[in-house]
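Subject: Structure handover and findings

Hello,

I am passing a structure on to you, with notes on what turned up when I went through it. Please look at the sequence and the coordinates before reading the rest.

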Amino acid sequence: MNRATVSRAPSRPLPVRAAWLAVAIALATLSPARAQDDDTARARGLVAPYVEAGLFSGVILVARDGRPVFRQAYGLADREWEIPNTPQTHFRIGSLTKAFTAAAVLKLAEAGRLGLDESVRRWVPSVPEAWAGVSLRHLLQHRSGIINFTALPNYYDQIARVDHTPAQIVALTAGDPLLFPPGTRFEYSNTNYVLLGMVIEAASGLSYEGYLRENILAPLGLKQTGYDDLTVILPRRAAGYRRGRAQWRNAVPMAASSAFAAGALYSTVDDLLAWDEALAGPRLLSEASRAAMFEDRGTGYGLGWFVSRAFGKPGDRTSGHRVLGHAGAIPGFLSINDVYPDDRLTVIVLSNTETAPAQKIARDLAALHLGHYAAPEEIVLEDVILDRYPGTYRLGPRAFLTVAREGRGLTARAEGPGMREPAFPFLPESDRTFVSPVADMRLTFETEPDGTPTGVILRRDGRDRTGPRVTAEEARAALAEPPQEHREVAIDRSGLAALAGRYALGPGSEIAVTVEDGRIFAQTTRQPRNELVPEGERAFFLRAVDAQIRFTADETGRVAGLILQQNGLETDAPRLPDEGATPPLLGQRAGSPGEPKRSN
């Protein structure tokens, strides 16, 4: 390390070649007194890197005591006509709809029209008899065990594109067994809230849209919120976008009816603030109903809302600020509605791009207004150091990281089968480490004594991936290779039970492997469940996505973990303890404990 070439305060003016660099400098140099008096400027500075990096387009609102203190629109509502977003732009809000659905059920319960502990079959008699033990409360809490219809392999490609009746949506999963006995555990399922929409219609005698409009939206004055219908002319409607092949593309079409009461509403930031304020008092629901809605029953989910804490002490779940929130994600749109009730702080982020780091933006803005945000300290590196690192680095068998010079920092873009990410900016925090101001990522370069880089360590979402430096030609050749063909083979399915269990992918993320009726399934945290198709005794592939799983064993033959191959990467996932049980034996054909440990 050549310390003489690292500076924490530039000795000469530097050209501003990237907005995110200027933002980092501004945030780092604000005095504490000025920072308290200039929250709006700091909030703008915090959001600016995401906009400049092409990651965010939408509207953000932060409110204290019910009054906006930051309200700003960014990017384009319509890229084809270059029409900008405004605070009045209508966005599809996805699963934020669930809070409205839950409130409608609670209002009907208050009126004596239904009971939360009644069976869903009382109101929707067409559902399978096996669902008789599922109550409305189980549906509200995502504790029903009913499969999530949006996890079906053909949902976004086929099902979501055309209109469906709620009954047709429910029928998509009605033939599958429950994942667990109702009430025994939590598993998020959009099917739950489609059923609740059908219950609302049966108990009220109105359509779901009609009941919400007459009993919630109109009484609260929420004139800019409604049930989305793409055939209706809606002024100031935002179009949804995604990134693909390094350019913007229109999001795949999605009919509102394919989400129904689980995610079919549109709204604006101002209406959502009014909605949050209404739920904070007695205007809509009784005190008892509101207490039930926001009660954490050990799963982190109440009735239509996630319940958690933020900015607490590590390992202490009772510390920090109480947060009531929900996220929404449908093709082309991401949304966050976070309420810190004890602090009277609300943060709303609505975006019409699938790349938006909406949750990070929302939490950073909350941290800023609650006094927990620490801006990165500026470090300036000389050109001779920055020019060392651009190049290509291998992260996996068919995954590569392309690093380039950008102003006084770097950019890095991962490439591999199925990867559609933009180039992320990175600012220096030393002469060998760089941190992204717009995502939870850090680059650390491995170097020779003379500073020549030989490899990189990419830390992302709590996991390190190490790769050597390679030539661009090597990367192009590997990426040009045709994908491997995977074919189903017959195996002895009696041995599948040995594979069931939980496998750690990284902090806060795991793969749950289950076996039902001779079929094996895998579900990653907060992702749909997929069936595993055997291509060997302990090797499987997924039909829904280009991913493969290979199970491994230790020297005694017991299940030790699995290797997930996806997007050109290989990820080791060790098996987690089974609550006192000894992992079962895989047998002679199990895994390959003698293989060398991979750094990817």
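The notes below go from the whole chain to single elements and residues.

Please keep in mind that this is a predicted model.

Overall picture

The protein chain has 14 helices and 32 strands. It has 600 residues, and 50% of them are buried. Among contacts with a separation of 6 or more, 60% are between residues 24 or more positions apart. The exposed area of the chain is about 27100 Å², with carbon and sulfur atoms supplying 50% of it.

Nonpolar cores

In soluble globular proteins, nonpolar side chains tend to be buried together. Here the largest nonpolar core holds 81 residues, and the members that touch the most others are F100, L195, I216 and W275. Setting aside neighbours within four places in sequence, W275 is in contact with A99, F100, A103, I216, L220, L222, L284, W305 and N337. Another core, of 51 residues, lies apart from this one and includes V323, A362, I385 and L395.

Helix 12

Helix 12 covers residues 358-370. From its first C-alpha to its last, helix 12 reaches 18 Å, close to the 18 Å expected for its 13 residues at 1.5 Å a residue. How much of helix 12 is covered? Most of it, since ten of its 13 residues are buried. The buried set consists of A358, I361, A362, D364, L365, A366, A367, L368, H369 and L370. A362 from this set is also a member of the 51-residue core. The buried residues of helix 12 pack against helix 3 (39-52) and five strands: strand 2 (58-64), strand 3 (67-74), strand 12 (321-330), strand 13 (333-340) and strand 14 (345-351). After the helix comes G371, with a positive phi near 80 degrees.

A three-stranded sheet

One open sheet has three strands in the order 6-10-7, paired antiparallel. Strand 6 (91-92) and strand 7 (226-227) are at its edges; each has a single partner strand, so one side of each lacks a neighbour in the sheet. Strand 7 is joined to strand 10 (residues 265-267) by two bridges, and the two run antiparallel. Y227 has L265 in strand 10 as its bridge partner.

The loop before strand 10

Two residues in the loop between strand 9 and strand 10 are worth listing. S257 is in that loop, with strand 9 spanning 247-250. S257 is buried, because its relative accessible area is 14% and the cut-off for buried is under 20%. A polar atom of the S257 side chain lies 3.0 Å from the backbone nitrogen of H164. Not counting residues up to four places away in sequence, S257 touches V162, D163, H164, I169 and Y227. Y227 is thus a contact of S257 as well as the bridge partner of L265.

F260 is in the same loop, between strand 9 and strand 10. F260 is buried too, at 6% relative accessible area. Its phi is positive, about 50 degrees, although F260 is not a glycine.

Other positive phi values

Most residues other than glycine have a negative phi. D65 is not a glycine, yet its phi is positive at about 55 degrees. Where does D65 lie? D65 is in the loop between strand 2 and strand 3, and it is exposed, with a relative accessible area of 52%.

N567 also takes a positive phi, near 55 degrees, in the hairpin of strand 31 and strand 32, which has two residues between the strands. Strand 31 (residues 559-566) and strand 32 (residues 569-574) run antiparallel and are joined by six bridges. Within this pair, Q565 stands opposite E570 of strand 32.

The loop around E295

E295 is in the loop between helix 11 (287-293) and strand 11 (306-310). Is E295 buried or exposed? Neither fully: at 40% relative accessibility, E295 counts as partly exposed. E295 and F306 are eleven residues apart in sequence, and their C-alpha atoms are 9.3 Å apart in space. Leaving out residues up to four places away in sequence, E295 touches Y301 and G302.

Regards

Terms used: Residues are numbered from 1 along each chain as its sequence is written. This is a predicted model: local features need pLDDT of at least 70, side-chain atom pairs count only at pLDDT 80 or more; totals for chains, interfaces and linings use all residues. Side-chain values use heavy atoms; hydrogens and water are left out. Helices (H or I, at least four residues) and strands (E, at least two) are DSSP runs, numbered from the N terminus. Buried means under 20% relative accessible area, exposed over 50%, partly exposed in between (1.4 Å probe, protein chains only). Contact means heavy atoms within 4.5 Å. Accessible areas come from the Shrake-Rupley method with a 1.4 Å probe; for residues, only the protein chains shown count as cover. Two strands pair if DSSP finds at least two bridges between them. The expected span of a helix is 1.5 Å times one less than its number of residues. A polar contact is a pair of N or O atoms within 3.5 Å; within protein, one must be able to donate a hydrogen and the other to accept it, and residues adjacent in sequence count only if both atoms are side-chain atoms. A nonpolar core is a set of buried Ala, Val, Leu, Ile, Met, Phe, Trp, Tyr and Cys residues joined through side-chain atoms within 4.5 Å.
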